[in-house]
Structures are given as structure tokens and as C-alpha cells.
Amino acid sequence: IILMKPMNLWLNLEKSLDSIKHPLMKYRFRKVAKIALVLIYLVIAAGAIVRMTGSGMGCPDWPKCFGYYIPPTDISELEFIQNHSYDKGMVVIKDDNLYVASKSFISGAQFNLDNWSEYTTHDYAIFNPIHTWVEYINRLIGALSGLPVIGMFLLSFFFWKDKKLITILSTLTLLGLGFQAWLGKTVVDSNLAPYKITLHMVMALVIVAMILCVIFKSKTSFKIQQYNSTFHKLLVLGIVLSLIQIILGTQVRQFVDENVKLFGDAKTFWLNQPDLTFYIHRSFSILVLIVNVLLLRTNYKKALNFNKINLVIVGIGIEIVTGIAMYYFNFPFSTQSIHLFIATVIIGIQYYIFLESSHFKKKIV
């Protein structure tokens, strides 16, 4: 009896701690998930800057950058040096080609091909320190974003008993981030193939959608909102239109990239004789605006309280302004990056409103 009393006390204390620990862990889960969302959007923003500056091939290999974990800052670091100690995997540029050290060795007076293997994945062998470090920082942010996603995955198991979907989505997010990293490698290996860039962007949006879903599903309280069938259907249409616009935008961006290669800094020629995709993308923006204005009108007329739609309208306004600036004022600084980034924010907000609307739809079924 004497021994059982402290044991019972311990069991009761353990149960009490568990009752405190689980809500605390769930609260921390939401904080970690929100951090993950912010960092994923930072990765998207960094990727937009990479595209704006033409730095996509700043690091021509993956996961290292010119064979280094911390990339070089001067071309001299990539030139062949006599009597120099080279580690396996280090890269030099010689005769406009990349060569990778096939083993660790000390170089002689001449460049000996027996010690090197030519990098044949692609033929891009240009070093630009600005492009290299822009791309490298983009990769660092991408790697950093993995930390809260891992944390989200681990904490999600506290939801397993009552909300298995959260654990499943957190697991898929972690796997999706790994797949996204691999896609990044294929983009570099293909020397920025357009369809791979598009796929890379779409996968980023899928990751954003999964994180938004776990953030919403882990909520414990909800503000009062009203489900409306017309609003819900218009919202689905709005999300589809936004996705199409983003995909069309990546194709227009590819057209601009090709003209940048041809005309350099002569911005007046960047949209010289645009193809049909550009005109579809520009005209499509009118349809996007109309659908979202209808959503705004329906929300206020029916008092639905989905007020995040206001942010969508503001975002579309920014998209229109930056689009006009790029076309009529020859791509003012940062307008390309802002245009792409805001598009991804808009579709993220639309999707979160969809989750809210779906939640209240279930309440009335």
C-alpha cells in the first residue's frame, strides 16, 4: 500500500503533464507551420529575384556551387593553379568548359586530364560572382525552409489520434519539399528548361497549399462566416484562373529571358514582337479581375465575412500596376519579382478562403 501511493501519484502527475503537453505541442505546431509558410514564400521571392537577375545558372552544379559548399567570389578561384592541392569534386573552368577533379591530388605544371573529368550534364561554364551568390542565397533559404517543415512533421504526430489528416499532410509536405529540391537540381541540369521551371513553380504552390491546409485544420476556434454556393463556385473558378495565369506568366517570362540573352540591357526589346501567350496572359487578367470583383461583391452583399478577399483585390491591383509598368515603362527595377511573388500570394489567400468556405459548407450539410 505504501509503495502504491507514490506510484499512483506519479501516474496522475504523468497524465496531468500529458494533458498540458498535448495542447502546448499543438500550439507550437501552428507556430512552426506558420514559420514554414513564411520561409516557403521567402524561397519563392528569392526564386523570383533569381529569375529577374538571370542568375538561374549562377551555380551550374547541384547541391554544391562550382564544387564548393561556400562558392567562390572571384574567377581566379576557378582557374587551374600549378602545384595546388585539389580535393575530389572541386571544379575549374578551362577552355570554356567545367572540369571536376576525379580524385584528390596536387597539380603539376600542366593541366593533366587524367586528374579531371569534363562536366557533361550541360555546357554552361560562365562565372559571374553576382549571379553565383544570388543563386547560392536562394539555395540557402531553400535549405533553411526545410527545418520548420521537419519540425512540423515531428509535431504533427500529436494530432494522429484525432486529426490524422494533419499528420498525413505534414508528411506529404516534407516529401514534397524533398521532391522540390530534386526538381531544382533538374532545372539546373537542364540549363533552365522552360517546362521544368514551370513544374518547379507549380510544386512550390502545392507545398504552400499543403501548409495552409495544416494551419487551417489545426485551428481550435473559427470566426463566424456564412457559406454561399455562388461564392464558393466563383472562388473555385478564381483559383483555377489564378493558376492558369501563373503558368502563362512563366511562359511569358521565358520569352523575356530569351530576349534578354539577345538584346542584353536594351529593355525596350525585351517584349519585342511577343507571341500569342503574352496576349492571352494579358487578356486573361481582365477575367481574373472580374471574377474576384464578383467575389468581393457577393461577400459584402450576402454578409459572408470572408474578408480576406479584400487582400486578393489589393494583390490584383498590384499585379495590374506592375504589369503595366513592365510593358509600357520597360521593366522598372523589381517589377518582375513583385509581379511573380504577388501572384503566388494571391492564389495562397484564395485557397485559404476556400478552406474557410468548405469548413462552413460541411456545417450545413
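Helices here are DSSP runs of H or I at least four residues long, numbered from the N terminus. With that in hand, Y327 can be placed in helix α7, and the rest of the chain can be laid out in the same terms. The model is a predicted one.

Start with the overall picture. The protein has eight helices and five strands. Going along the sequence, one helix comes before the run of five strands, and the other helices follow, giving the pattern α-β-β-β-β-β-α-α-α-α-α-α-α. Taken along the principal axes, the C-alpha atoms fill a box of roughly 80 × 75 × 25 Å. Of the 365 residues, 44% are buried. The accessible surface adds up to about 19800 Å², and carbon and sulfur atoms account for 68% of that. As for contacts between residues at least 6 apart in sequence, 69% of them link residues at least 24 apart.

Among the strands, β2 and β3 make a hairpin. Strand β2 covers residues 91–94 and β3 covers residues 97–101; the two run antiparallel and are joined by four bridges. Within this pairing, V91 sits opposite V100 of β3. Just two residues lie between the strands, and D95, in the turn, has a positive phi of about 55°.

Further along the chain, attention turns to the surface. L289, V293, I320, I324, Y327, Y328 and F329 together make a nonpolar surface patch of about 650 Å². Two elements, α6 (276–301) and α7 (309–328), each give two or more residues to this patch. The largest share is that of α7, with four residues. Back to Y327, then, a patch member that belongs to α7. Its relative accessibility is 30%, so Y327 counts as partly exposed, a class that lies between the buried limit of under 20% and the exposed limit of over 50%.

Last come the cysteines. A disulfide is a covalent bond between the sulfur atoms of two cysteines. The structure holds one such link, formed by C59 and C65, whose sulfur atoms are 2.0 Å apart. The angle about the S-S bond is -80°, and the C59–C65 link is left-handed. How accessible are the two partners? C59 counts as buried because its relative accessibility is 0%, and C65 is also buried, at 1%. Another cysteine, C213, has a relative accessibility of 9% and therefore counts as buried too.

Definitions and conventions:
Residues numbered from 1 in each chain as written. Predicted model: local features only at pLDDT ≥ 70, side-chain atom pairs only at ≥ 80, totals over all residues. Heavy atoms only, no water. Pairing = 2+ DSSP bridges. Patch = residues over 30% accessible without salt bridge, like charges linked within 9 Å, V, L, I, M, F, W, Y side chains within 5 Å. Areas by Shrake-Rupley, 256 points an atom, 1.4 Å probe, with all protein chains shown as cover. Salt bridge = Lys/Arg side-chain N within 4 Å of Asp/Glu carboxyl O. Buried < 20%, exposed > 50% of the residue type's maximum accessible area, 1.4 Å probe, protein only. Contact = heavy atoms within 4.5 Å. Disulfide = S-S within 2.5 Å.
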